[in-house]
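Biologist: I'm new to this one, so could you pick a single part and take me through it slowly? After that, I'd like to hear how the rest of the chain fits around it.

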Amino acid sequence: MESWVRFNSQSQAKERIIRAAQYTCTLLGYTLQKGGAAADLLHTVSQLEAHMSLSRKLLRLGNSVEALEAAKRAIHLSDGVLRLCLTISHLNRAMYFACDNILWAGKTGLVPEVDLHKWSQRSFRYYLFTLILNLTRDVYDLHLLMDREARYRASKSPPSVQPSPSLSADPPSPAPEALPWLSRQLHLLVTVLYSNPPLLLDLLKNLCDIFIPLDRLGIRPTGSGFVGACGLTSSLLSIATILHPWLKLKP
């Protein structure tokens, strides 16, 4: 099992690069269509995108095993919220990869009777559930870090000294706050994200990715141009975490 996981991790970088190229083709096809390009060129770009998608499915064969192993590790986490989100997320990811494997078998003709539309919809549903859970985990981590930073700032701020009341003095008027609550929260959010690049990258990646299944399932259609831009951005962020492992959010 461990040998397979090590072997599978070596193909992740190739899969991410092909994914970036695939969504580049999606974005390019949208741009060419808007620019009134020839039908032959649009067909070529579309075929190239389809071939890259099929190549990615081949590289993802067996990824369900890795996802199940990750779920087994996540179930032992001490934090209850992280344990729930990550375990169910990895299980959904395992089902997503299983559906993806069936789609690959259908598209290559190994199992011609596969209903491609039905299995594609199932695949995107599992993908959507995975991303929702991942975003929930990101928001939970962000909340914990913001709360910790707020308590740290409160402990460092000097106590306010109230002036003694004077009979001859005018009644004090309420001083306006230096910063409104929303501005303070925004500053706290920026500070926490700036000091935690792995969380920032994971949050951006999941936010970009979630528009893909939303569009494919017809829940929130955004168009191929927007989907291509989101897919390309999230792919580049994933490649960055592979090149620099310290940028990968743990656990």
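Modeller: Let's look at helix 4, where N63, S64, E66, A67, E69, A70, A71 and A74 are buried. Keep in mind as we go that this is a predicted model. Helix 4 covers residues 63-74, which makes 12 residues. From its first C-alpha to its last it reaches 17 Å, close to the 16 Å expected at 1.5 Å a residue.

Now let's step back to the whole chain. Helix 4 belongs to a set of 10 helices, and there are 0 strands to go with them. Read from the N terminus, the elements simply go α-α-α-α-α-α-α-α-α-α. The chain has 251 residues, and 37% of them count as buried. Its accessible surface comes to about 15500 Å², with 65% of that belonging to carbon and sulfur atoms. As for how the chain meets itself, take the contacts with a separation of 6 or more: 75% of them are between residues 24 or more positions apart.

Two serines give you something to find by eye. Start with S11, which sits in the loop between helix 1 (2-10) and helix 2 (12-34). S11 counts as buried because its relative accessible area is 14%, and the cut-off for buried is under 20%. S11 and R56 are 45 residues apart in sequence, yet their C-alphas are 9.9 Å apart in space.

The other serine is S123, and you'll find it in helix 6. Its relative accessible area is 3%, so S123 is buried as well. Setting aside neighbours within four places in sequence, S123 is in contact with Y96, C99, D100 and L103.

Helix 6 also takes us to some empty space. Rolling a probe the size of a water molecule over the atoms shows where such space is left. The second largest pocket holds about 210 Å³ of it. Helix 6 (116-156) and helix 8 (197-209) are the elements that give two or more residues to the lining of this pocket. Of these, helix 6 gives the most, with 5 residues. If you want to trace the wall yourself, look for L82, R137, D141, L144, L145, R148, N196, P198, L199, L249, K250 and P251. By type, that lining divides into 7 nonpolar residues, 1 polar and 4 charged.

Key:
Residues are numbered from 1 along each chain as its sequence is written. This is a predicted model: local features need pLDDT of at least 70, side-chain atom pairs count only at pLDDT 80 or more; totals for chains, interfaces and linings use all residues. Side-chain values use heavy atoms; hydrogens and water are left out. On a 1 Å grid over the protein atoms alone, a cavity is a set of points where a 1.4 Å probe fits but cannot get out, and a pocket is an open set with protein on both sides within 12 Å along at least five of seven lines; lining residues have an atom within 4 Å of a point. Grid points are joined across faces, edges and corners, and a volume is the space filled by probe spheres set on the points. Helices (H or I, at least four residues) and strands (E, at least two) are DSSP runs, numbered from the N terminus. Ala, Val, Leu, Ile, Met, Phe, Trp, Tyr, Cys and Pro count as nonpolar, Asp, Glu, Lys and Arg as charged, and the others, Gly among them, as polar. Buried means under 20% relative accessible area, exposed over 50%, partly exposed in between (1.4 Å probe, protein chains only). Contact means heavy atoms within 4.5 Å. Accessible areas come from the Shrake-Rupley method with a 1.4 Å probe; for residues, only the protein chains shown count as cover. The expected span of a helix is 1.5 Å times one less than its number of residues.
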